[in-house]
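Here's a quick briefing to read alongside the structure. Keep the 3D view open and look for each spot as it comes up.

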Amino acid sequence: MSVSLVWFRRDLRLADNPALTLAKSRGKPIICLFNLDSIRVRRQDVDPIHIEWELDCLQVLKSDIESIGGVLLFNYGDVVEKIEEIHQMNRIEAIYGNEETGLQWSWDRDKAVAKWCESQGVKFSESPTNGVIRKLKTRDNWKHQRDSRMEVSVIEPIGEIIAPFGMNSDQIPTLTDLGMIARPLIHRPEPGESAAIDVLQSFLEGRGRTYRKGMSSPLSAQTACSRLSPYISLGCISIRQILEYSNRKSQLVKRNPRAKENLGWTGSLSSFRSRLAWHCHFIQRLEHEVTLDTIAMNPEIDVHMERLMHDTHFRAWSQGNTGWPFFDACMRSLSATGWINFRMRAMIQSIASYTLWLPWQLTGLHLARLFLDYEPGIHWSQVQMQSGVTGINSVRAYSISKQSRDQDPEGEFIREWVEELRHVPTSHIHQPWLMSRDEQNKYGCIIGVDYPEPIVDEGISRKEGISRSYSAKSQPDSKKRSRIVYNLHGSRKRRRS
């Protein structure tokens, strides 16, 4: 008897899973497969924390699949070889998967599977699950197509899977089984689809009320932000599911927007939904340029900038030892938790690219390894935006001093993560190097001994970085490329007539 194969990638859920639903409709026994690609594990943008999170979420998925009668096979290696092995034993009639947008290696893998299917007469079906549009000719109509797709009702999870007789699930290995060790993370989220729904509900039932006001500061963002990004990165929950839940909340608020319990929700939900649209917008870029991790959207600007690696600056930046308290607190928090809010992510990359003039490819790789919620389409788009190499975005050179006073005025976040400064008063917490020697002794922090001096003069270096960026952006060949980039990737608020 032939079987249907459901190939799970970054869609580790049962609800709103069109590939699984389509396979069920065909009436054939179903085999579920997850392949951990060995080529991916060896990549520089991948960290053991990513693999450990994936395995933990996969373990939950396995239990969910088994609870409705199915089996989940696991393979670590080459997916085509595993599919061939399954085919020899069970004769695969069709492979069902959900579209995934990634870097070059993932496109090469998917093409290899498609080629194998063609050679064997096996149907290969990929279903869209988010707002990324395959084979899009122009961005002019992207928003309309994306919104139309998001308005389709969420697909209910199937209630039963019929697996081939006598087949059992594979054991999901631990990170130790694979010979890897991950750095420990504090406040690590619970894995899996149900946990994702719980986090979303906690956001919509309370935490999200202050989203608009609270998302910028790393203090308030810890609770005000949705904290769904690690789940979205693996597809434990879909963008369409999040929107559907959010729209239900919005309808409840609209019934009585002035009620005490509804105050603040209208603006926060509007901001939240707009950022879900930006999520799709940025990943869409990978549909055209799968080398965003290595090649700038505007390579002419990148060449003119001539950024060079400075090992001492990179080490201080990457370890949170720059001598800028707020920056160091953000970097240390990110390393310890695997998460920090969006504005601080932008600031961290901006400091690397403008103030320290470091190559964006290398700093981007470091940050990719730190983020538990690493999503290539968003990450590399943001890295390039905050490094000024797209040609279609404004120069965003963040001032650490301003961000420090705006987002952490009392120095609470600084003292939480930079223990060397825990006794420094608020009057000096943002610029401790201005303390006198007597004050340094009094507060137990000798600058240059207990805590470093600033690695460069931030004001001077930042202004120099801005000037060099504008110079590179203004070159004729850079401007010509910018027009091409905008036509391909620029956002469109409305469809052109």
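Let's start with charge: the chain carries 66 positive and 59 negative side chains. The centres of those two sets sit 8 Å apart. Keep in mind that this is a predicted model, so every number here is computed from that prediction.

**Overall build**

- The chain's secondary structure adds up to 24 helices and five strands.
- For 497 residues, a compact globule would have a radius of gyration near 23 Å, and the chain comes in at 24 Å, so the two agree.
- Along its principal axes, the C-alpha trace stretches over about 80 × 55 × 55 Å.
- Take the contacts between residues at least 6 apart in sequence: 79% of them join residues at least 24 apart.

**Inside and outside**

- Of the 497 residues, 57% count as buried.
- The accessible surface comes to about 22,000 Å², and carbon and sulfur atoms account for 50% of that.

**Salt bridges around the start of the chain**

- How many salt bridges does a search of the whole structure find? It turns up 25.
- One of them pairs the side chains of arginine 9 and glutamate 126, with N and O 2.9 Å apart. This pair links distant parts of the chain: arginine 9 is in the loop between β1 (3-8) and α1 (18-25), while glutamate 126 belongs to strand β5 (residues 123-127), and they are 117 residues apart.
- Are these two partners buried or exposed? Arginine 9 counts as buried because its relative accessibility is 4%, under the 20% cut-off. Glutamate 126 has 24%, so it counts as partly exposed.
- Next door in sequence, the side chain of arginine 10 meets that of glutamate 375 in a salt bridge of 2.8 Å, N to O. Arginine 10 lies in the loop between β1 and α1, and glutamate 375 lies in the loop between α17 (360-370) and α18 (376-385), so this bridge ties together parts that are 365 residues apart in sequence.
- Arginine 10 counts as partly exposed because its relative accessibility is 24%. Glutamate 375 has a relative accessible area of 9%, so it is buried.

**A third pair, and the network**

- Arginine 109 makes a salt bridge with glutamate 100, and their closest N and O atoms are 3.4 Å apart.
- Arginine 109 is buried, with a relative accessible area of 9%. Glutamate 100 counts as buried too, at 9% relative accessibility.
- Now zoom out: salt bridges that share partners join Arg9, Arg10, Asp37, Glu100, Arg109, Asp110, Glu126, Arg134, Glu287 and Glu375 into one network.

**Tyrosine 211 and its surroundings**

- Where is tyrosine 211 found? Look in helix α8, which covers residues 211-214.
- Why does tyrosine 211 count as buried? Its relative accessible area is 7%, and buried means under 20%, so tyrosine 211 fits the label.
- Leaving out residues up to four places away in sequence, tyrosine 211 touches Phe203, Ala224, Cys225, Ser226, Ser268, Ser271, Phe272 and Arg275.
- Tyrosine 211 and serine 270 are 59 residues apart in sequence, and their C-alpha atoms are 9.9 Å apart in space.

Note on methods:
Residues are numbered from 1 along each chain as its sequence is written. This is a predicted model: local features need pLDDT of at least 70, side-chain atom pairs count only at pLDDT 80 or more; totals for chains, interfaces and linings use all residues. Side-chain values use heavy atoms; hydrogens and water are left out. Helices (H or I, at least four residues) and strands (E, at least two) are DSSP runs, numbered from the N terminus. The radius of gyration is taken over C-alpha atoms; the globule rule is 2.2 Å times the number of residues to the power 0.38. Buried means under 20% relative accessible area, exposed over 50%, partly exposed in between (1.4 Å probe, protein chains only). Contact means heavy atoms within 4.5 Å. Accessible areas come from the Shrake-Rupley method with a 1.4 Å probe; for residues, only the protein chains shown count as cover. Lys and Arg count as positive and Asp and Glu as negative; His and the chain ends are not counted. The place of a charge is taken as NZ of Lys, CZ of Arg, CG of Asp or CD of Glu. A salt bridge is a side-chain nitrogen of Lys or Arg within 4 Å of a carboxyl oxygen of Asp or Glu.
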